Amino acid sequence: MPTVADRRHRFRALHERGCFVIPNPWDVGTTRYLQHLGFEAVATTSAGAAFSAGLPDTAVTRDAMLAHIRTVVEATDLPVNADFEAGYADTPDAVAANVRLCVATGVSGLSIEDASGHHANALYDVDTAVARVAAARRAIDDSGAGVVLTGRAECALFGETDVRVAIRRLRAYAEAGADCLYAPGFDKRDDVAALVEAVAPKPLNVLMTTPGGLTVADLTALGVRRVSVGSALARVAWGAFMRAARQIAGEGRFDGLGDAVPYMEIDRFFRDDRKRRGS
């Protein structure tokens, strides 16, 4: 099994050329299956973790999320990027302290977003957001861990869909020390191209959560380095579960169970996977 240092080195190298998909599992089983499919890295999803705990997104406490992140890290040989939300703190010093805790879980990367979680001001002002990214950078550098820091501009998720606003924020986060930049909510060709150009030579992460849009090949051609799916895989699973359960409850019918993975297929996978892990 590769060491934590090995995985961190591999993760940083993935950002240097080409494009890779970093899917988002939400428990040990989904983590193991994504590794089996040949993905080169995985990322946690705060929403997927919250839903599996019976909570809305952002309601998971810092310590519970750290425990979840560590569980995913320990479940795979792959590099793991942590969706660390807004760092579970407002002030730069507190963000730095929490980043140190996240680094200690063995992650290869982590993201810090600029959504404040406060109703009055959904986003931190740029100066505050930059100070928080800079604090995360210092915490990582002081650790000597080589963890990849991703700076996230959440403006599109709160109604500000002018890509120029996201560009200004991402450039500021790049200057503050973010290794990778990410503006969820922008997945159209022209916006993606503008974001790639704006943050170059640093890598851009693009979030893809709906069908029928750009493909991995399209994103690669545009210069995107990393593609994630956020909570989408978790919501696909929830969608199938909810449709089947509603049909049973409301109609007394079991048609929705026809889409289930055959028992032998999934059980065989986990039996074989257990042998590969030597447990």
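**Figure 1. Charged side chains of the protein chain in the predicted model.** The protein chain carries 32 positive and 35 negative side chains, and the centres of these two sets are 4 Å apart. The exposed area of the protein chain comes to about 13700 Å², of which carbon and sulfur atoms supply 55%.

**Figure 2. Overall fold of the protein chain, with its 11 helices and eight strands.** For the 279 residues of the protein chain the globule rule gives 19 Å, and the radius of gyration is close to this value at 19 Å, so the chain is as compact as a globular protein of that length. Along the principal axes, the C-alpha atoms occupy a box of roughly 55 × 40 × 40 Å. Buried residues make up 48% of the 279 in the chain, and, among contacts with a separation of 6 or more, 66% join residues 24 or more positions apart.

**Figure 3. Buried residues of helix H2 (residues 28-36) and the elements they pack against.** Thr-30, Thr-31, Arg-32, Leu-34 and Gln-35 are the buried residues of helix H2. The partners against which the buried residues of H2 pack are strand E2 (42-43) together with three helices, namely H4 (62-74), H10 (232-251) and H11 (263-277). An α-helix has 3.6 residues a turn, so residues three or four places apart point the same way.

**Figure 4. The two ends of helix H2, with Asp-27 at the N-terminal end and Gly-38 just after the helix.** Asp-27 caps the N-terminal end of H2, where one of its side-chain oxygens lies 3.3 Å from the backbone nitrogen of Gly-29. Just after H2, Gly-38 adopts a positive phi of about 100°.

Methods: Residues are numbered from 1 along each chain as its sequence is written. This is a predicted model: local features need pLDDT of at least 70, side-chain atom pairs count only at pLDDT 80 or more; totals for chains, interfaces and linings use all residues. Side-chain values use heavy atoms; hydrogens and water are left out. Helices (H or I, at least four residues) and strands (E, at least two) are DSSP runs, numbered from the N terminus. The radius of gyration is taken over C-alpha atoms; the globule rule is 2.2 Å times the number of residues to the power 0.38. Buried means under 20% relative accessible area, exposed over 50%, partly exposed in between (1.4 Å probe, protein chains only). Contact means heavy atoms within 4.5 Å. Accessible areas come from the Shrake-Rupley method with a 1.4 Å probe; for residues, only the protein chains shown count as cover. Lys and Arg count as positive and Asp and Glu as negative; His and the chain ends are not counted. The place of a charge is taken as NZ of Lys, CZ of Arg, CG of Asp or CD of Glu. A polar contact is a pair of N or O atoms within 3.5 Å; within protein, one must be able to donate a hydrogen and the other to accept it, and residues adjacent in sequence count only if both atoms are side-chain atoms.
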